Structure formats: C-alpha cells, structure tokens
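Me: I'm new to this and keep tripping over the vocabulary. Can we go through the terms one by one?

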Amino acid sequence: MHFRSITAVLALASLISVPAAFAAERAIDAAKSSISAEFTQMSVPVNAPFKKFSGGIDFDPAKPAEARAHFDIDTASFDIGDDDYNAEVRKPEWFDTAKFPKASFVTSGLKPTTPGNFEASGKLSLKGKTIELKVPVTAKTEGGLTTYSGTVSISRKAFAIGSASWDDTVEDTVKIRFRIAVPAAG
Amino acid sequence: MSDNKAYTRPAIALHWLMALMIIGGFAVGLYMTGLRLSPDKLKLYSWHKWSGITVLALALIRIGWRLSHPVPAPLPGQPLWQLRAAHYTHLALYVLILAIPLSGWLYSSASGYPVVYLGIKALRLPDLVAKDKELATALKQVHELLNWTMAALVTVHAAAALKHHLIDRDGTLRRMLPSR
C-alpha cells in the first residue's frame, strides 16, 4: 500500500515534469544577460545598460514557429553612468519612468533564417506605445546555457522619447543590444 | 634688435593661434561644467573636445617645428634666475599643451564618451581606456589640476612678457609679434 502510493506520486510527478521538459518556459538568467541602448549625441555613440529586467523564453528548436518569449524592462534602471544624465532620462520628456516604469517585448513568432540565426517578430511596448518589430537573433548553446543575442534599431521619436529641443543633438535612431541567457533546453 | 633674432613666422602663428584656442577652451571648460544638462551643454562639451584635439595636433606640429627651427637666444643682460625661470616655464608649457588635451581625451574615454572629432563619424578617435567610473573621476581631477597649473604658468608667462615690454622696454615680446 505504502509502496503503491509512492509509485503513484512518482508517476504523477513524471506526468508533470515530462511535458515541462519539452515546452516549459525557461526564466532568463539575468546575471548572464544584458540589455542596453546605444544612442548618439553630437555624433558620439553612448551605450548604456538597463540594469533590471526579467522574462522567459519557451523555445523548442524543432518547432521554432511555436517559440514564445517575453521580457519586462525596468525603465528606471537605465544607467548612463552619470547622476545628471540618469535623472534627465527619467523625466516625462524621455522615459517618464514614474508613469511608465516598464517596457516590454513580447514575441509572436520566430523564423529560422540561417543555421543558428532567427528572425523574431514581436511587439515592443514603451512609454504607452506599442510597435511591431522584427529582430534578428543569433542563438548559441554552450556549457548548459543558451544565449540569444542581437541588435535592433528603433526610432526614439516613434515612442515619443525626447522632446524636439534635443533633435539636433540626439539622433532619432537608437540601437538596442541584447544578450539573453537561459538554461539550455533538454 | 635684428630680424634674425625673431621667431619664425610659423612659430609666431602657432603661438598665437594656440594661445587663442587654449584660452577659449579653458573658458568654455569652466563655463560648461556648471551648466545643467541641456542640448547646449552637450554642444559645448563637443566643441571643447574638438578644440582640445586641435590644440594637441597643433602642439605636435609646433614641437616638430621648434626642434627643426632653433629659437632665438634670450636677449643679453638678464639675470640667470630669470633665464632659468623662462626656460622651465616654457618647458612646462610645452608639456602641458600635450598633457592637458591627452588627459581630457583619457577622461572622455573613461567616462564612456568616445571623442568624435568635429562630429564627423569617420573621425572617431580610439578610446584610450575602457569605461571606468572611478578612473574617470580621477582623470577629471588630473585634467582640472593640469589646467589650473597651466593657467598659473600662462599668467607668469604673460606677466613676464609684459614686464620685458613695458618695464625693461626690450625686444623680447616684439620677437613674438606678427607686425614687425
């Protein structure tokens, strides 16, 4: 009787864990991941990280079309490395972090391009605006960790980031660089 | 005094052009750091850096010119301490016209801002050091200290030139003037 109940528990556990191994969402390893934005002021590229973000990826290499990923980025964690700059970008003209503390990116599909490379489609929501993006992604698995990295350019004006008075000093195009690490599937 | 005791025309041109750029760059530097963050502040920082890099380039040309074109000897009849003071002040000024722009460039690199000369992306200068907040703070102090040293030496340099011109009434300053 006792033995049978243990067996039953094990059987139940395997029912739960088996599907999980194939289609579970894996939380990102924030310590090994990075998301940064590179803006250009007076032709000078300035790269600064978002220090706080979270998210998860559900990706089966056999079924890329069913891949799903979502990320939440803490806009107030953007760190240019200078208190005055950091205070500036939190203002309503820029990120308006008081009103819009989070930016998010939710994918809706992943298309393989070349081996190890994909194109992710998704929606970037930032400062109350949502824009469809296509993001080139390179995937690499090493030492039990899969990293998805890439760069995508966005228009800061499309998200109403920065008032017009900055237009002749800060370029419209901002490059988002990301390196997202998750435990390798399987 | 005879003409062969004067500085060469390129040496005179470089001296006054650099004097203007250094005084201008120093004034902009003092002014811009106190501004609150604005597009104008970013513009002034860029102009300050471009003028500093120009000074660095001119300093290299000037040192090259000086090494290949001997300067006139000091006018006779001066006490030894004055000759020595002039010699070491000039030497220190030559060191500073290299060290100040270099310290600014290092400070910009350490702060994470590459120097893009004249705002032309193809003229982006290499970063001399990687971004490092503590190093940037230290380099800022070095840049400021070197600048105040230069300001003090330039004051001595100009005061000495005026003393020669107005009190001694000798030809020392005239040798560096364009209108001879």
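Reply: Sure, let's start with helices and strands: these are DSSP runs numbered from the N terminus, with H or I and at least four residues for a helix, and E and at least two for a strand. Read along its sequence, chain A runs α-β-β-β-β-β-α-β-β-β-β-β. That comes to 2 helices and 10 strands for chain A.

Reply: Two bits of housekeeping. This is a predicted model, where local features need pLDDT of at least 70 and side-chain atom pairs count only at pLDDT 80 or more, while totals for chains, interfaces and linings use all residues. Residues are numbered from 1 along each chain as its sequence is written, and chains are lettered from A and ligands numbered from 1 in the order in which they are written.

Me: Why does Arg175(B) count as buried?

Reply: A residue is buried if 20 or more other C-beta atoms (placed from the backbone) lie within 10 Å of its own, exposed if 12 or fewer, and partly exposed in between. Arg175(B) has 20 C-beta neighbours inside 10 Å, so it counts as buried. You'll find Arg175(B) in the segment after helix 4 (133–168) of chain B. In chain A, buried residues are 24% of the 186 residues.

Me: What is Arg175(B) in contact with, leaving aside its neighbours within four places in sequence?

Reply: "In contact" is said of two residues whose C-beta atoms, placed from the backbone, lie within 7 Å. Arg175(B) has Lys5(B), Ala6(B), Tyr7(B) and Pro72(B) as such partners, once neighbours within four places are left aside.

Me: How many residues of chain A are in contact with chain B?

Reply: 14 residues of chain A are in contact with 12 residues of chain B. On the chain A side, strand 3 (44–50) and helix 2 (83–89) are the elements giving two or more residues.

Me: What makes a group of residues a nonpolar core?

Reply: The members must be buried Ala, Val, Leu, Ile, Met, Phe, Trp, Tyr or Cys, joined through C-beta atoms within 7 Å. The largest such core has 34 residues, and Ile57(A), Ile73(A), Phe78(A), Val137(A) and Ile180(A) touch the most other members. Several strands of chain A each supply at least two residues, including strand 4 (53–58) and strand 10 (173–183). The largest share, 5 residues, comes from strand 10 of chain A.

Me: Which residues does the second, separate core include?

Reply: Leu42(B), Ile53(B), Trp105(B) and Val116(B) are among its 9 residues.
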